[in-house]
Amino acid sequence: MTEPLLRVDGLKTHFLTRAGTVKAVDGVSLRLDRGEILGLVGESGSGKSVTGQSILGLVDPPGRVVGGRVLFQGEDLVGAGEKRLRAIRGRRIAMIFQDPMMTLNPVLSIGTQMVEAVQAHEKVGRAEAWERSRRALVRVGIASPDERLAAYPHQFSGGMRQRVAIAIALLHSPDLIIADEPTTALDVTIQAQILFEVQKLCRETGTALIWVTHDLAVVSALADRVAVMYAGRVVETGTVAEIIGNPRHPYTRGLLESVPSRNRRGVPLRSIPGMTPSVLDLPEGCAFHPRCDRSTGACTVMPELSGEREDRAWRCWNPVAAEARGDAA
Amino acid sequence: MTAAPIVELDGLTKRFSRKLDVVERFARRLGATIDDRAVQAVSGVDLSIAEGEVVGLVGESGCGKSTLGRMVAGILPPSAGTLRWHGRDLRELSPADRHHANLKIQMVFQDPMASLNPRLRVADIVGEAPVVHGLVPRREAEAYVAALLRQVGLDPAYLRRYPHQFSGGQRQRIGIARALAVKPDVLVCDESVAALDVSIQAQIINLFMRLREELSLTYLFISHDLGVVEHISDRTAIMYLGRIVELAPTPELFDKPNHPYAKALLDEAPRVSVEKRRFAPIRGEIPSPLDPPSGCAFHPRCPHAMPLCSAERPALREIAPRRWSACHLNETTGP
Ligand SMILES: Nc1ncnc2c1ncn2[C@@H]1O[C@H](COP(=O)(O)OP(=O)(O)OP(=O)(O)O)[C@@H](O)[C@H]1O
Ligand SMILES: Nc1ncnc2c1ncn2[C@@H]1O[C@H](COP(=O)(O)OP(=O)(O)OP(=O)(O)O)[C@@H](O)[C@H]1O
Ligand code: SF4
Ligand code: SF4
Ligand SMILES: [Mg+2]
Ligand SMILES: [Mg+2]
């Protein structure tokens, strides 16, 4: 019996707003083994961040997890007390936010914050904690770490702050890191440095990783498996090779085809028509159907997630044929 | 290719004297040593853009792309250097001609929401400038805006709506319609597709390419996304710390970059592929524009750096027809 490190089962997180119920996450299931990297992709508003926040019990009101389970090493975190969650956060599951100032305190020096972060979960002396912090900064490409530890967040550029937040997440070699678009603001050369460290950590310590992004290129280079979200649901999941090489859901295929480097230079890009639906006003049935070139009468009923395996599945009545792949010319 | 360039930059430079922010002033009162310092955001950039050409501009965050774009669009006065419009120095034009030239170069910004006045309706956002500048009589403004909306792929029925009633992609179309409203010849696009989802981004890139054909527009296309720049531009300029370090026809540059920084950038850019990749660590640290390295600004990170590199700044030289690069390696080994 191999119980995965993390199993998310039918997770539903809704926001009760005056304008109506926003079903930001509406029945999401994921699984992750030790050392595995899962890329969570989808367009803006599809529910990626809320999924990550729900796993850690960090959803802000008026949002609430209204259904499903989050099993972390067999323990259900939905409904776990705040004290228990705090013990897990940081040490065993670390979150890297899109905005590094969610992690950093503007009035404390970087060194103070990092030493505190080390000592919050481990009984080590100040000198040892300082040394660990130094090494963590070097790992994310920050030179002269001693000087930097003495500095305050405002003395760093946006990209450097983000790297400090990433260094803090790496401090304890947690079992799971949830990273929410952490490198979108960074230069590709620095991004590559961060991805190098993250890959190394997963390989060497068995840390598992959920990497939230809309950048398919990063996902394809970094992840083992991918889950594609659309309007609060997972619409396709599989290994990177399966998703990139043979997407079955029309939305996934459309996303891949619109990447500029997969199109011939100078000719119009293939693109998905229409726009992202509002979660308050989702179409009946498959939420993608107003934009889908394969839709039929059946699509006004929501298809189930089904496929070859639990982790190779798609949510579509008329999936793209198994061998027909829209390859770039 | 030999026609007089529509826009020509000659030694264009921008210095900012950086004011301390609140926190820094506070920290200084407590005894921290923080000075007001000058940032040279753009240093002596030469660039000619031919009529109808698309020039892509890439480089890491803070290297001066937006500052350069804003100077070209006439929003930001240069500290030094010359900007020529159809071969004529902008400073030597009569006020009327300069005004005309400024209208002919328009800018499309990154964040569609932040660049549109939330209290104005689309009809006014797009229609105001052409009326004010006397391009269109007020009576005809609405019909004019309706035609523009159609041109950028929006339903003219949206005339009376406010920006918040649109999606990100639609707002970017409004921003483009507003720029087109004064009948420009040149568009400076600053990260104009960066905030958009991949599927919407493709629609807007296609719109830019269609407008180029329909209106014979010239573009300076700023983006940190190499894939986007490779797709859309005829020539690509790569900037590092305020200077252009390589400039070449796009296919040649992407096939065979010359400058070590251009190589690093292209090597590190992730591509969509079915193969997992092993990332490699970089050397060195991104330098601060407050304290640029001596000589070649890339030398602390360059795998080929030699003693000359920290002593002397390499000039941007034509190393082959239409290919420019600023690296000492071209002098020692030669093309
Ligand atoms: N506090 C809130 N109140 C109401 N709705 C919310 C709130 N927070 C998030 N939502 C909604 O939940 C949905 C999912 O949001 P989420 O932030 O998870 O999207 P995302 O996939 O991370 O998008 P992005 O790529 O833009 O970060 C969105 O439609 C959003 O408007
Ligand atoms: N108004 C200003 N005052 C002071 N410094 C400025 C100002 N505008 C820009 N700078 C500085 O000039 C440099 C170049 O900034 P610029 O915005 O042109 O970079 P960029 O290449 O567009 O970066 P990004 O990719 O992050 O948009 C930066 O160091 C920035 O901090
Ligand atoms: S279920 Fe129908 S509308 Fe939805 S993706 Fe499949 S074919 Fe398209
Ligand atoms: S001039 Fe020297 S340091 Fe600069 S890019 Fe060339 S080899 Fe590298
Ligand atoms: Mg998000
Ligand atoms: Mg910029």
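These exercises walk through three ligand sites and two helix pairs in a predicted model.

**Exercise 1. Find which residues surround ligand 1 most closely, and which polar atoms touch the ligand.**

Step 1. Start with the shell. It holds 15 residues around ligand 1. The closest are Ser44(A), Gly45(A), Lys48(A), Ser49(A) and Val279(A).

Step 2. Look for side-chain contacts. An N or O atom in the side chain of Ser44(A) sits 2.6 Å from an oxygen atom of ligand 1. Lys48(A) also reaches an oxygen atom of ligand 1, with a polar side-chain atom at 2.8 Å.

Step 3. Add the backbone. A polar backbone atom of Val50(A) is 2.9 Å from an oxygen atom of ligand 1.

Step 4. Check the cover. On its own, ligand 1 has 640 Å² of accessible area, and the protein covers 68% of it.

**Exercise 2. State which elements of chain A build the shell around ligand 1, and how its residues divide by class.**

Step 1. List the elements that give two or more residues. They are β1 (6-17), β2 (20-32) and α1 (48-55) of chain A.

Step 2. Pick out the largest share. It comes from α1(A), with three residues.

Step 3. Sort by class. The shell around ligand 1 has five nonpolar, seven polar and three charged residues.

**Exercise 3. Describe the site of ligand 2 in chain B: its nearest residues, its backbone contacts and its elements.**

Step 1. Name the nearest residues. Twelve residues lie around ligand 2, and Ser61(B), Gly62(B), Lys65(B), Ser66(B) and Thr67(B) come nearest.

Step 2. Follow the backbone. A polar backbone atom of Cys63(B) is 3.2 Å from an oxygen atom of ligand 2. For Gly64(B), a backbone N or O atom lies 2.9 Å from an oxygen atom of the ligand. For Lys65(B), the backbone distance to an oxygen atom of ligand 2 is 2.8 Å.

Step 3. Check the cover. The protein covers 65% of the 640 Å² of accessible area that ligand 2 has on its own.

Step 4. Assign the elements. In chain B, β2 (37-49) and α2 (65-72) each supply at least two residues of this shell. α2(B) gives the most, with three residues.

Step 5. Sort by class. The shell around ligand 2 has five nonpolar, five polar and two charged residues.

**Exercise 4. Work out how many charged residues the shell around ligand 4 has.**

Step 1. Read the shell. Among the residues around ligand 4 are the cysteines Cys296(B), Cys302(B), Cys309(B) and Cys327(B). The histidines His259(B), His299(B), His304(B) and His328(B) are there too. So are Pro260(B), Phe298(B), Pro314(B) and Leu329(B).

Step 2. Apply the classes. Cys, Pro, Phe and Leu count as nonpolar, while His falls among the polar residues.

Step 3. Give the result. The shell around ligand 4 has eight nonpolar, four polar and no charged residues.

**Exercise 5. Decide how two helix pairs are oriented: α3(A) with α4(A), and α4(B) with α6(B).**

Step 1. Know what to read. Two packed helices are described by the angle between their axes and the distance between the axes.

Step 2. Take chain A. Helix α3 (residues 110-121) of chain A and helix α4 (residues 126-139) of chain A pack at about 110°, with axes 9 Å apart. Angles of 65 to 115 degrees count as roughly perpendicular. Therefore α3(A) and α4(A) are roughly perpendicular to each other. Their crossing is right-handed.

Step 3. Take chain B. Helix α4 (residues 122-132) of chain B and helix α6 (residues 168-180) of chain B pack at about 25°, with axes 7 Å apart. Angles under 35 degrees count as roughly parallel. Therefore α4(B) and α6(B) are roughly parallel to each other. α4(B) passes α6(B) in a right-handed crossing.

Technical notes: Residues are numbered from 1 along each chain as its sequence is written. Chains are lettered from A and ligands numbered from 1 in the order in which they are written. This is a predicted model: local features need pLDDT of at least 70, side-chain atom pairs count only at pLDDT 80 or more; totals for chains, interfaces and linings use all residues. Side-chain values use heavy atoms; hydrogens and water are left out. A residue is near a molecule or strand if one of its heavy atoms lies within 4 Å of it. A polar contact is a pair of N or O atoms within 3.5 Å; within protein, one must be able to donate a hydrogen and the other to accept it, and residues adjacent in sequence count only if both atoms are side-chain atoms. Accessible areas come from the Shrake-Rupley method with a 1.4 Å probe; for residues, only the protein chains shown count as cover. Helices (H or I, at least four residues) and strands (E, at least two) are DSSP runs, numbered from the N terminus. Axes are lines fitted to C-alpha atoms, for helices over the stretch in contact, and angles run from 0 to 180 degrees between N-to-C directions. Angles under 35 degrees count as roughly parallel, over 145 as roughly antiparallel, 65 to 115 as roughly perpendicular and the rest as oblique. A crossing is left-handed if the near helix is turned anticlockwise from the far one by less than a right angle, and right-handed if clockwise.
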